[in-house]
Structure formats: structure tokens, C-alpha cells
Amino acid sequence: MVNLRPSLATCLILGLGILPMIGGGAKAADEIVIGEIHPITGPATFYGLPESRGVQLAAEHINKAGGVKVGGKEYQIRIATEDDQASPTVGVAALRKLVSADVRFIIGPLASGVAPALKPIVERNDKLTQLIDGTIAENMTNGKNIFRNQATVGGYNVAVAELFKAKKYPSVAMMTDRFHAGFMNSQKDLAGNLKELGVSIASEDYYKLGDTDFSAALTNLRGRNAEVLLIRGYPAEGALITKQARQLGFTGQVVWEMVSPPSTVLKNITAAEMEGVYNCIPPTTEDYVKLGDEKAIALDKAYRAKHNEGPGELTALSHDAVYIFKAAFEKAGSLDNAAVNKAMAALMVSDIPELVTRYTPQPDGRLFAADGQVDLRGEVSVWRGEAWEPARLTD
Amino acid sequence: MTGSNSFPRTVIAASAVFIASCAVALQLNDYYLYVVTIGAIFAVLAVSFDVLLGYTGYLSLAHGALYGLGAYSCAVLTANHGFGFWTALPIAGLITGAVGAIVALLSFRTRGLYFAVLTLGIGLIGHQLFLVFDEVTGGVGGFVGIPGPEQPDWLRVSPTAYSALLALGLLWVTFVAAAAFVRSKLGAACLAIREDITLARALGIRVAGARLAAFTFSAVFAGLAGALFASMSNFIAPESFTVLGTGFQLVALVVVGGMGTLWGPIVGAILLTALPEALRVAATYSLLAYGVLLLVFVIFAPKGIASLLKAALKSFRKAPRPAPDATPLRREVTS
């Protein structure tokens with residue numbers, strides 16, 4: 001007698017597994033759906049959640065102010081949020097979910113590992129327009145249907161070079177997160193730039209997200225007598241490396257190159273131990289607030305009122321991304337992706353007065369270069385008291 | 001284990017399930033097609049892994065790296081050397097199988113815990129090699145620009161649907177090949193090794209050949225799964241092939257689904273790969289969920305969901321006992 005039971009069970013289970021998956025999404029009339037893909041959960045949530053909230057906040061403000069006027073018609077913006085968990089596979093699934101729900105405008109992602117996984121899908125689909133507000137990895141845009149309003153890692157490195165030039169540091173030991181695609185891919189270029197400035201590269205060490213003990217690498221580094229310890233990666237590890245370097249007797253200057261919310265930093269190091277550490281990234285929401293920027297202060301106030309805490313360092317970029325889309329829709333006078341892409345490429349910085357971030361206009365005043373990348377350069381900030389503040393390099 | 005005469009029926013049943021799954025898949029939208037594709041690829045990995053773990057009794061933690069080797073082999077062959085997908089796919093499987101055989105020859109010098117630890121080391125080395133050889137693999141930035149599988153003109157479905165059909169097709173091939181393997185003399189030898197390797201040797205079973213065959217079999221299909229994953233994703237990065245990620249996930253799929261059955265790991269793959277994606281289980285809790293599931297199943301249902309389903313089916317099929325005062329049923333003899 002033949003036993004068919006296992007096969008029948010497989011049939012049933014496969015059927016049960018697949019049937020609930022049938023479905024789709026729908027959108028109401030007179031609304032534009034913008035999808036946002038950020039790590040709402042997982043290891044990068046401290047970046048992703050404030051970005052997602054920044055997108056939501058901008059959409060709410062636009063809607064309250066009358067929405068988006070496209071071809072004489074008013075539209076409300078609806079945000080469709082997807083969590084990529086900073087994982088390429090989950091990110092691809094998130095994008096496909098949005099595409100299946102007929103979402104044609106995408107903001108995100110944050111993670112350098114997710115962006116290259118999404119790129120071939122977006123490039124192939126002429127009914128998609130993507131505006132990256134997170135990753136700093138190079139070569140993620142195409143100027144056709146993929147744009148970015150975040151800096152590239154090259155923009156970060158500009159600030160590092162400026163700091164070394166101003167302070168005339170003679171040597172540096174570099175510690176880089178080996179899983180950060182942006183930092184790893186720019187390591188050679190940065191080392192080359194510093195050498196051109198006459199800086200001796202004492203050592204190049206690597207670590208990974210989640211590491212907690214850096215004593216072996218730091219002991220080795222101490223023996224090399226580097227004047228500067230340059231840490232490139234994420235703030236939790238940056239704080240631990242800084243703390244352990246001090247404990248092991250490193251007395252030189254510590255320089256960070258990472259977006260690092262003070263709340264995350266202070267989980268692993270005291271404010272006193274952070275005093276005087278430099279950071280080389282483009283100005284954050286908090287920096288603009290400290291500079292007295294009215295739009296940044298308004299964003300900060302609205303964010304605090306809604307979430308009972310301050311915005312994240314990338315919130316302004318995500319907030320700006322919605323306004324950039326709004327300006328592109330209105331300039332295009334259409335919601336057709338080809339028209340929006342064309343309008344996006346032609347946007348002037350002056351077309352979007354709501355921008356919090358201070359982008360450097362292209363020579364002809366446009367926001368994006370031909371490859372779809374904004375000009376956003378890193379600046380040097382310094383830790384004072386409980387947070388970062390803009391540094392004056394002439395001190 | 002069932003007799004060899006059940007094999008044709010197993011193939012027919014698997015084919016019916018495959019056709020039904022394809023028919024259902026073609027009705028799905030782009031997103032759910034992707035979920036089905038990923039679920040099917042992990043089911044391929046789980047079924048082939050079960051041939052080693054469930055049928056031979058060896059826990060390998062090198063399979064995340066073998067899966068990656070298949071993916072990178074296909075990526076290099078198609079993107080850098082101009083091979084078509086259909087040529088690169090079997091070559092990737094063969095390369096992975098050959099490396100798997102070498103890994104097996106090294107690893108089978110040890111047993112039990114030492115085997116697991118040795119393969120853990122190999123898995124870690126493999127993952128590091130994907131990072132270090134960045135001129136070939138793209139390093140941490142990943143391998144971009146992998147061509148998708150060529151689609152025949154006569155098959156008028158979307159590329160996403162085509163990927164799903166390929167993944168389901170590969171699952172069918174894996175299931176049938178695994179069913180043939182476990183029913184073969186080699187499969188019987190593997191079972192004997194799992195139960196008692198000393199007794200198996202005493203009975204004259206060629207232990208070395210059988211377990212080498214099981215490891216190589218699972219490596220070949222891990223490579224094929226990796227190749228398909230690379231081709232349909234157009235991009236791969238080392239983080240998809242970690243020991244703690246894919247390596248550990250495979251163990252969970254097979255243990256939760258049911259070791260020693262070929263359909264149990266498919267259930268495990270659906271539950272632990274496709275459904276969490278569909279339900280969007282938070283990443284923060286995913287490893288915790290895997291850990292808890294493993295604990296629960298190892299303690300309360302060591303043979304996995306498969307055993308629970310079998311028990312449920314058995315109790316469902318039991319005829320209700322007649323009440324003492326009821327008229328006894330007359331047994332009709334028909335033969």
C-alpha cells in the first residue's frame with residue numbers, strides 16, 4: 001500500500017501557507033501615496049524611526065496647509081511606511097510590497113546594505129521615483145529616477161580633511177566598521193587624501209557592529225603613537241572605542257565620522273569622557289537648531305510636541321525629502337513618473353523654501369547634480385557638555 | 001521510511017503540489033510573489049540540509065557559506081564571464097558540491113559536537129572570504145549588476161513571477177532528488193549511520209561514502225539555491241550568508257519543521273521565512289523568536305511540526321468506537 005499522507009499534508013500546508021498571501025493595496029482618490037522605507041525595527045532603529053517620523057510630520061504639515069497642487073487639482077499626501085530592518089532581503093520585500101500597492105514615489109532607505117539591493121529594481125521600473133534620504137554609500141543615484149538628498153561619504157570625508165588641515169595633525173590611526181559599505185569603500189580615498197596633507201597613517205583597523213571589546217586593536221594602536229584616533233562607523237561602537245582608548249591611556253585627539261545621536265552615545269560613555277571629541281558629518285537637525293535656524297526650530301518643536309522627545313539627526317533630511325517631492329509634483333504639473341523625474345532633475349534649491357538642510361546649489365542653482373546627488377558637505381562639530389555643537393577650527 | 005514502490009506516487013504528488021503552487025503563485029501580486037520565491041529558496045535549502053541533519057545525523061554550520069558560494073559563483077559567471085543563467089546554475093551547483101565534498105572530507109574526521117564546531121569554523125571562514133576577496137565579491141559593498149535569469153519568449157509572465165516559478169521548480173527538483181536519495185541504498189546507509197555508526201560499520205555499511213554523498217548532495221542544492229537567489233536579486237552581499245543568519249536559520253527551519261521528513265522542512269521554511277515576512281515580525285525579536293521556537297520544539301516536539309501534523313492526522317482518521325449498545329458494523333469482505 002502506498003503512503004500518500006505526507007505528500008497530501010504538504011499539499012494542504014503549502015495551500016494554507018500561500019492562500020492568506022493573496023491580497024493587495026488600494027488608495028483613495030485625490031491623494032498621492034509616498035512610500036517610505038526605513039529601519040523602524042532592528043539595530044538601526046535609532047536612525048530609522050526619527051526619519052520615518054520626519055516624513056510623517058512633513059506630510060501632515062503639507063496636508064494641513066492645503067496639500068499638493070498638481071495641474072490645478074489639490075491632492076493630500078498619504079505616507080505608506082515599510083520597515084526594512086536594515087536588511088537587504090527585507091528591504092527588497094518592502095519595496096516590492098509598495099510597488100504591488102501601486103506606490104510610485106519612494107523615500108529611503110537608510111542602510112548602505114539595503115540601497116544597492118533596491119537599485120536594480122528601481123532602475124528597471126519606469127513607474128518608480130526614489131529619493132534616498134539615508135545611505136551615504138557612493139554610486140547609489142542615477143539622476144534619472146533615483147535621487148539623493150543626503151551627503152555621500154565623500155562629503156563626510158571633506159570635513160575630515162578640513163579638520164586635519166586646520167589642526168595639522170601629523171598622524172592618524174583609523175578604525176572602521178568593516179560592514180559599513182560606505183566607509184569601507186571610501187577608506188582608500190580618505191587615506192590617500194590624508195597622506196597628501198602630510199598625515200602619516202599609523203594603522204588601519206577594522207571592527208564590526210555589535211563588537212564590545214576593542215582592547216587588542218587599541219593596545220596595538222597605542223604602540224604606534226598616533227596623534228589622532230579616527231573612528232568611522234556607528235555611535236554605540238564609537239563610544240565604546242573612545243572609552244576603552246582612554247582607559248588604555250590614549251591621550252591624543254579622538255575624531256568620529258558618524259551620525260551619532262547624543263542619546264545613543266551616552267548609553268555607552270559618559271559626557272565627561274566625550275568632551276572635546278570631534279565629529280565630521282553634515283550638520284544635523286540639532287546643529288541647525290543650535291544655529292538658530294527658524295525652520296529647524298519649528299521642526300524640532302513640532303517633533304517634540306508629537307513624540308515627546310527631540311528629533312533624530314537625520315530627521316531634517318527625511319522631512320526635506322517630502323517637500324522635495326511636493327515641489328517636483330507641482331513643477332511637473334503631473335503625477336506621471338517621467339514628468340516627476342524630469343522636474344526633480346530640474347528643481348532649483350530656491351524652488352523649495354521649506355528645506356531645513358542647507359544644500360549647496362549646483363553652479364546653475366539646481367538642487368541635484370546630473371547624477372541625482374545633492375551637494376551636502378560635512379562640517380566639524382565638537383562634543384561639549386551633553387551634545388555636539390559646531391566647532392570653530394581656528395581656536 | 002516507505003518502500004521504494006512509493007517513489008513514483010511521491011513524484012506524482014509533489015508534481016501536483018508544484019503545479020497547484022505555480023497556479024496559485026501566478027495570481028499573486030509582485031510582493032507576495034517575492035515572499036513565495038524567498039520561501040521556496042529557503043525550503044530548497046532546508047530540504048537538502050535535512051538530508052544531512054535529519055537523515056544522516058550530522059549538524060553542519062557551514063551551509064550558510066555554501067549557499068553564499070553558490071550565489072557568488074553564479075554572480076561571477078554571469079556578470080563577469082558572460083555565462084547565461086542556465087549554464088551558470090549547474091556550474092554553481094557543481095562548484096559548491098565540490099567544495100562541499102572537500103569540507104565533508106575534512107569535517108568527517110570528527111564526530112558530534114566537534115563536527116558542528118569544525119563546520120562552524122568553516123562557515124565563519126567562508127563568510128570572511130566573501131568580505132576579504134572584495135575584488136571578486138565586491139566585499140562589504142556587495143556584488144552588483146548580476147543578470148536575472150533569461151526568460152523564454154513563450155512564457156509571458158512578469159520577471160518576478162518567473163523567479164517564483166523557478167524557485168518552486170527548484171524546490172520540486174530538490175524534493176524529488178532528496179526523496180530518491182533517501183530511498184536509495186545510500187539513504188538507507190545514512191539512516192543506519194544516524195541511528196548507530198558503530199553498528200553500521202559492524203554491519204559492513206560503507207560509512208565514509210554514504211555520509212560524503214549526503215554532505216555533497218546537500219551542498220549541491222545549497223549552491224543551486226544560492227545561484228537562483230543571486231540571479232533573481234541582481235545583488236548579493238556577505239551579510240546574507242552569515243553563520244548566525246542563514247546557518248542558524250537553516251537549523252531552525254529543519255528542527256521546527258521536523259527532522260527526518262522531507263516535507264517537514266518545507267513547512268518550517270514557510271513558517272519561519274515566508275509567514276514572518278508576510279506578517280512583518282519585528283527584526284528586534286526575530287532571533288529571540290527563533291530561539292524560543294527551537295527551545296519549545298526541542299523540549300515538547302523534538303520531531304517538529306511534521307510529527308504533530310502526523311499525530312493529528314492519525315487521530316482524525318481513527319474510526320469512532322461503536323457504543324456498547326450499538327449494532328455492530330458488518331465487515332464486508334471484498335477480496
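Which strands of chain A does helix α5 (residues 153-167) lie across, and at about what angle does this helix run to β11(A)? The legends below refer to a predicted model.

**Figure 1. Helix α5 and helix α8 on the seven-stranded sheet of chain A.** Helix α5 (residues 153-167) lies across β10 (253-257), β11 (278-281) and β12 (379-384) of chain A. The direction of α5 makes about 140 degrees with that of β11(A). Helix α8 (residues 235-247) of chain A lies across β7, β8, β9 (228-232) and β10, and runs at about 160 degrees to β9(A). The strands of this open sheet follow the order β8-β7-β9-β10-β11-β12-β13 (chain A), with mixed pairing. At its edges are β8 (200-207) and β13 (387-390) of chain A, each paired on one side only. From one strand to the next the twist averages 25 degrees.

**Figure 2. Pairing of β7 and β8 in chain A.** Strand β7 (residues 171-177) of chain A pairs with β8(A) in the parallel sense, over seven bridges. Within this pair of strands, Thr176(A) is placed opposite Tyr206(A) of β8(A).

**Figure 3. The six-stranded sheet of chain A.** This sheet is open, its strand order is β2-β3-β1-β4-β5-β6 (chain A), and its pairing is mixed. The edge positions belong to β2 (68-70) and β6 (146-148) of chain A; each has a single partner strand, so one side of each has no neighbour in the sheet. The twist here averages 30 degrees from one strand to the next. Between β4(A) and β5(A) the pairing is parallel, over three bridges, and Phe105(A) stands opposite Thr129(A) in β5(A).

**Figure 4. Helices α2 and α13 on the six-stranded sheet of chain A.** Helix α2 (residues 45-64) of chain A lies across β1 (31-38), β2, β3 (73-83) and β4. This helix runs at about 165 degrees to β3(A). Helix α13 (residues 315-332) of chain A also packs on the sheet, where it touches β1, β2, β3, β4 and β5 of chain A. The direction of α13 makes about 25 degrees with that of β2(A).

**Figure 5. Surroundings of Leu128(A).** Leu128(A) is in the loop that joins α4 (115-124) to β5 (129-132) of chain A. This residue counts as buried because it has 22 C-beta neighbours inside 10 Å, where the cut-off for burial is 20 or more. Leaving aside residues up to four places away in sequence, Leu128(A) touches Val99(A), Arg104(A), Ile106(A), Val122(A), Asn145(A) and Asn337(A). One of these, Val99(A), is 29 residues from Leu128(A) in sequence, with a C-alpha to C-alpha separation of 8.1 Å.

**Figure 6. Backbone features in loops of chain A.** The peptide bond from Gly108(A) to Pro109(A) is cis, with omega near 5 degrees; Pro109(A) belongs to the loop between β4 (105-107) and α4 of chain A. Two residues other than glycine are shown with positive phi. Asp102(A), with phi near 65 degrees, is in the loop between α3 (88-100) and β4 of chain A. It counts as partly exposed, having 13 C-beta neighbours inside 10 Å. Asn225(A), with phi near 55 degrees, is in the loop between α7 (215-223) and β9 of chain A. Asn225(A) is exposed, since 12 other C-beta atoms lie within 10 Å and the class takes residues with 12 or fewer.

**Figure 7. The two domains of chain A and the contact between them.** The domain assignment divides chain A into domain 1 (31-151 + 295-377) and domain 2 (154-281). The centres of domain 1 and domain 2 of chain A, taken over C-alpha atoms, are 30 Å apart. In the contact, 15 residues of domain 1 of chain A meet 14 residues of domain 2 of chain A. On the domain 1 side there are eight nonpolar, four polar and three charged residues.

**Figure 8. Chain A and chain B as wholes.** Chain A has 14 helices and 13 strands. With a radius of gyration of 23 Å, close to the 21 Å from the globule rule for 395 residues, chain A is as compact as a globular protein of that length. The C-alpha trace of chain A spans about 75 × 65 × 40 Å along its principal axes. Of the 395 residues in chain A, 53% are buried. Chain B has 14 helices and two strands, and 52% of its 335 residues are buried.

Conventions:
Residues are numbered from 1 along each chain as its sequence is written. Chains are lettered from A and ligands numbered from 1 in the order in which they are written. This is a predicted model: local features need pLDDT of at least 70, side-chain atom pairs count only at pLDDT 80 or more; totals for chains, interfaces and linings use all residues. Helices (H or I, at least four residues) and strands (E, at least two) are DSSP runs, numbered from the N terminus. Domain bounds come from an automatic or database domain assignment. Ala, Val, Leu, Ile, Met, Phe, Trp, Tyr, Cys and Pro count as nonpolar, Asp, Glu, Lys and Arg as charged, and the others, Gly among them, as polar. The radius of gyration is taken over C-alpha atoms; the globule rule is 2.2 Å times the number of residues to the power 0.38. Two strands pair if DSSP finds at least two bridges between them. Axes are lines fitted to C-alpha atoms, for helices over the stretch in contact, and angles run from 0 to 180 degrees between N-to-C directions.
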